[in-house]
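Colleague: I would love a close look at one part of this model before I set anything up. Could you walk me through it, with the chain in front of us both?

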Amino acid sequence: MPRPLHLRTRKALHPQARPFLKWAGGKSQLIGQIIPYLPLALMNGEIETYIEPFIGGGAVFLEVAQHYPVKNLIIADVNPEIVLAYRVIQAQVRELISALAILESQYLQAPESEREAMFYAIRQAFNQTQTKINYARVADPEIQHTAQLIFLNRTCFNGLFRVNQKGEFNVPFGRYIRPRICQPDNLQRVAELLSSVKILRGDFELIRPFVNPQTFVYFDPPYRPISKTASFKAYAQGNFTDHEQTRLATFARELDQRGAKLLLSNSDPHNKDPEDNFFETLYDSFQIYRLQAKRAINSNPSKRGPVSELLILNYLVETLPEQIG
């Protein structure tokens, strides 16, 4: 049986903070399955620092921040737009809400025939201003830029975040009737949780100085594609290739030697090829479990459906949920 949810430390009251971005591969739908695999030391207060170096939508971070007694929270990403968004929410959430409210009002009041043109105009403006944005600060241009990012994320096709090799957002228009562009209450809750969080930008190895035996690290990297047409790696310039997956595994083994607790998510190659043991070989000294997920990012609805995903751990789980496959 899974670890009962009520055993978590209830630090938060309902309603709780949710991811402010839609995110391909986001863990909101899987969080109930992931909780039983979190280290017991986290629940017991033995973990002092939680680190998530591929923050993305941040569903697991929000879970930990709201339910577990952790002193230090560190999040990071290589994607400058994502890091800037978290910094803007942390420092200037009221101004961001105001900017989003204006965009939402303009969009919802526009005739349906004009919404697509508005989307592409904002997408163009977002891409053109990237070279003028100072990603190391939070001022009005950066607030407006983040508002555009959230607007695009809420109104684009399938809520994807995808960029081309130039780093330009290139997801097409999505035809939603009343998208929720501005969610002030949720943004305020996220801002409260971020108030004392260290936010870093860079490669996942930049967390090295912060890791010790009282650290729990959750890695949620771009997934290894399970087919030639299933790659959704382009969340930042460059691709997260098998070489990068191997580099991450090497880094995980280094942190394992330090005594840190590690949890990693990734795709399950067995969905496509039962003989593909890429991750079993890469993490041969770790525990590997499979979760049942339903992914809806395929452009063909008939190809959306349940798949298994991997959880890779360097610690024992005392009471295991029922496994699949």
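Is Lys-27 buried or exposed? Please start there, and then carry on to the parts that you find worth a look.

Modeller: Happy to, and please keep in mind that this is a predicted model. Lys-27 is buried, because its relative accessible area is 3%, and the cut-off for that word is under 20%. In the chain, Lys-27 belongs to the segment before α1, the helix of residues 31–34. Its side chain has two polar contacts to look at. One goes to the side chain of Asp-220, at 3.0 Å, and another goes to the side chain of Tyr-223, also at 3.0 Å. On the backbone side, the C-alpha atoms of Lys-27 and Gly-58 lie 7.9 Å apart, although 31 residues separate the two in sequence.

From the partners of Lys-27, we can turn to strand β4, which covers residues 215–219. Of its 5 residues, 5 are buried. In a regular strand, side chains alternate between the two faces of the sheet. In β4, one side carries Thr-215, Val-217 and Phe-219, the other carries Phe-216 and Tyr-218, and all of these are buried, so both faces are covered. As for its neighbours, β4 pairs with β1 (residues 49–52) in the parallel sense, over 3 bridges. Within that pairing, Thr-49 has Thr-215 as its bridge partner. Strand β5 (residues 261–267) also runs parallel to β4, and 4 bridges join the two. There, Leu-262 of β5 stands opposite Val-217.

Another buried side chain with a polar contact is that of His-67. This residue sits in helix α3, residues 59–67, and counts as buried because its relative accessible area is 1%. The side chain of His-67 meets that of Gln-16 in a polar contact of 2.9 Å.

Finally, a word on internal space. The structure contains 1 cavity of 30 Å³ or more, and the largest cavity has a volume of about 50 Å³. Helices α6 (140–155) and α7 (184–194) are the elements that each give two or more residues to its lining. The lining residues are Phe-20, Leu-100, Ile-150, Arg-154, Ile-181, Cys-182, Gln-183, Asn-186 and Leu-187. Sorted by class, that lining comprises 6 nonpolar, 2 polar and 1 charged residues.

To return to your starting point, Lys-27 is a buried residue whose side chain contacts those of Asp-220 and Tyr-223.

Note on methods: Residues numbered from 1 in each chain as written. Predicted model: local features only at pLDDT ≥ 70, side-chain atom pairs only at ≥ 80, totals over all residues. Heavy atoms only, no water. Buried < 20%, exposed > 50% of the residue type's maximum accessible area, 1.4 Å probe, protein only. Polar contact = N/O pair within 3.5 Å; in protein donor to acceptor, adjacent residues only side chain to side chain. 1 Å grid on protein atoms, 1.4 Å probe; cavity = no way out; pocket = protein on both sides within 12 Å on 5 of 7 lines; lining within 4 Å. Points joined across faces, edges and corners; volume = space filled by probe spheres on them. Nonpolar A, V, L, I, M, F, W, Y, C, P; charged D, E, K, R; others polar. Pairing = 2+ DSSP bridges.
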